[in-house]
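Thanks for making the time this morning. I would like to walk you through one model, going from a single residue out to the whole chain, and I will ask you to keep the display in view while I talk.

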Amino acid sequence: MTNSSFPHAAPRVTAAQPHRAEILENPLRTYLLGIIISICGNVLISISLNIQKYAHVRQSQRGSKPYYTSLMWWCGVVLMGIGELGNFAAYGFAPASLIAPLGCVSVIASAIISVVFLKETLRASDIVGGTLAITGTYLLVTFAPHTSTHITAQLVQYYAISWHFLLYLFIEVVLFCILLYLYKRKKVKHIVIVMLLVALLASVTVISVKAVSGMITESIKGQLQLIYPIFYVMLVVMVASCAFQIKFLNQAMKMFDATEVVPINFVFFTASAIVAGIVFYQEFEGLALLNIFMFLFGCLLSFLGVFLIARNRPKIKQQDRNFIAMDRIPGRRHTDKVQPEAKTQTYGSLAAKFMCNSAGQADDS
């Protein structure tokens with residue numbers, strides 16, 4: 001069956017494959033609920049980022065206590081947790097290939113909030129990028145697959161041993177080992193190498209997050225799924241892949257500028273999530289060619305929008321690594337005080353990195 005907008009069709013049941021009987025047409029209300037939860041979660045994330053950034057700036061201006069002693073900063077952390085929880089829950093209601101690209105909402109909202117409340121400069125590229133990203137989001141929502149699955153333990157097990165997923169997993173492991181060898185042994189510190197490592201881990205994260213979220217959703221509805229070992233296997237995979245994903249992303253943030261890391265991470269993460277949804281959950285099965293083309297076109301517009309918003313953001317001038325402070329010179333009496341500007345630059349740099357890191361959906365707080 002093909003879908004071109006929001007269809008109201010009968011459930012798909014295949015008698016020849018009993019596990020496929022659990023693949024049902026997603027009701028419009030449930031589908032929209034997943035979209036709304038994801039958008040609200042991403043907006044909360046962008047609000048939390050700007051609250052934490054403002055707390056960084058305010059603490060640096062006062063020059064007294066560390067930023068993590070600020071109540072406002074912790075409010076931002078709580079909002080961040082709620083937003084991420086919303087994104088997690090959204091995977092249980094809508095396809096992973098749709099939820100992942102909606103991460104561009106966080107970048108758009110963050111840019112708007114930073115201009116309105118933090119008085120940052122509004123650039124022409126921000127307007128064009130925001131317009132492209134919003135248009136891309138509309139195309140994603142309209143032409144994305146409107147079918148989803150009732151994620152049960154039996155269905156996850158069935159998908160996990162399918163030949164196309166095992167082939168996909170084998171290719172991914174081989175690529176990951178090659179990239180890790182180049183990165184660790186050959187010391188190839190190219191941004192594409194690091195971000196590909198993040199993306200390969202992200203595909204596993206998306207698969208496990210949707211599985212865990214879907215099984216929790218089914219358990220809440222009355223069909224208990226937490227008694228099956230596959231739930232805890234997916235939970236461990238989710239936690240481990242998230243941890244290593246954040247580790248590599250933080251290393252990229254240290255080696256490269258955030259204006260490079262954020263758009264590349266968004267593109268790679270979204271592409272890996274879409275591929276994971278197609279291969280593991282078969283989300284594009286039965287989708288019309290027009291829908292596939294328009295969906296991919298929406299992804300392209302979102303990619304360009306995020307790139308325009310993130311490119312050439314004002315950089316905070318950092319202290320030269322070869323610079324030695326006057327109070328650190330051997331033999332000099334420690335009578336000089338560090339200038340307040342240096343402290344401000346340090347906190348400002350941390351705030352900028354923190355904001356862009358989380359905009360790539362991997363916050364290290």
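Let me begin with Ser272, which has a relative accessible area of 11% and, because the cut-off for a buried residue is under 20%, is counted as buried. I should say at once that this is a predicted model, so please hear every value I quote as one computed from predicted coordinates. Ser272 belongs to helix α10, and, if we set aside the neighbours within four places in sequence, the residues in contact with Ser272 are Tyr168, Ala199, Ala202 and Ser203.

Those partners lead us to two helix pairs, and I will take α8 with α10 to begin with. The axes of α8 and α10 are 8 Å apart, and the two helices pack at an angle of about 40 degrees, which is why they are classed as oblique to each other. The crossing of α8 past α10 is right-handed. On the α8 side the contact is made by residues including Ile191, Met195, Ala199, Ala202, Ser203 and Val206, while α10 contributes, among others, Glu260, Ile264, Phe268, Phe269, Ser272 and Ala276.

The other pair is α7 with α10, where the axes are 10 Å apart and the angle is about 150 degrees; since angles over 145 degrees count that way, α7 and α10 are described as roughly antiparallel to each other. Here α7 supplies His164, Phe165 and Tyr168, and α10 supplies Ser272, Val275, Ala276 and Val279.

Now to the interior. Which residues have the most contacts inside the largest nonpolar core? That core has 32 residues, and the ones in question are Tyr91, Val156, Met215, Met234, Phe280 and Tyr281. The elements giving two or more residues to this core are α2, α3, α6, α7, α8, α9 and α10, and the largest share, 7 residues, comes from α8.

Tyr91 is worth a closer look: not counting residues up to four places away in sequence, Tyr91 touches Ala96, Ile99, Ala100, Val206, Val209, Lys210, Ser213 and Phe269. Apart from the core just described there lies another one, of 21 residues, among them Leu98, Ile108, Ala111 and Ala144.

Next, a residue from another helix, Phe143, which sits in α5, the helix of residues 124-143. With a relative accessibility of 15%, Phe143 counts as buried. Phe143 and Phe295 are separated by 152 residues in sequence, yet their C-alpha atoms are 5.4 Å apart in space.

For those of you who like a check on geometry, consider α1, which runs over residues 28-62 and has 35 residues. At 1.5 Å a residue α1 should span 51 Å, and its end C-alpha atoms are indeed 51 Å apart, so the expected and computed values agree. Just after α1, Gly63 adopts a positive phi of about 65 degrees.

Finally, the chain as a whole. How many helices and how many strands does the protein have? There are 12 helices and 0 strands. Of the 365 residues in the protein, 48% are buried. Among contacts with a separation of 6 or more, 81% are between residues 24 or more positions apart.

I will stop there and leave the display up for discussion.

How values were computed. Residues are numbered from 1 along each chain as its sequence is written. This is a predicted model: local features need pLDDT of at least 70, side-chain atom pairs count only at pLDDT 80 or more; totals for chains, interfaces and linings use all residues. Side-chain values use heavy atoms; hydrogens and water are left out. Helices (H or I, at least four residues) and strands (E, at least two) are DSSP runs, numbered from the N terminus. The expected span of a helix is 1.5 Å times one less than its number of residues. A nonpolar core is a set of buried Ala, Val, Leu, Ile, Met, Phe, Trp, Tyr and Cys residues joined through side-chain atoms within 4.5 Å. Buried means under 20% relative accessible area, exposed over 50%, partly exposed in between (1.4 Å probe, protein chains only). Contact means heavy atoms within 4.5 Å. Axes are lines fitted to C-alpha atoms, for helices over the stretch in contact, and angles run from 0 to 180 degrees between N-to-C directions. Angles under 35 degrees count as roughly parallel, over 145 as roughly antiparallel, 65 to 115 as roughly perpendicular and the rest as oblique. A crossing is left-handed if the near helix is turned anticlockwise from the far one by less than a right angle, and right-handed if clockwise.
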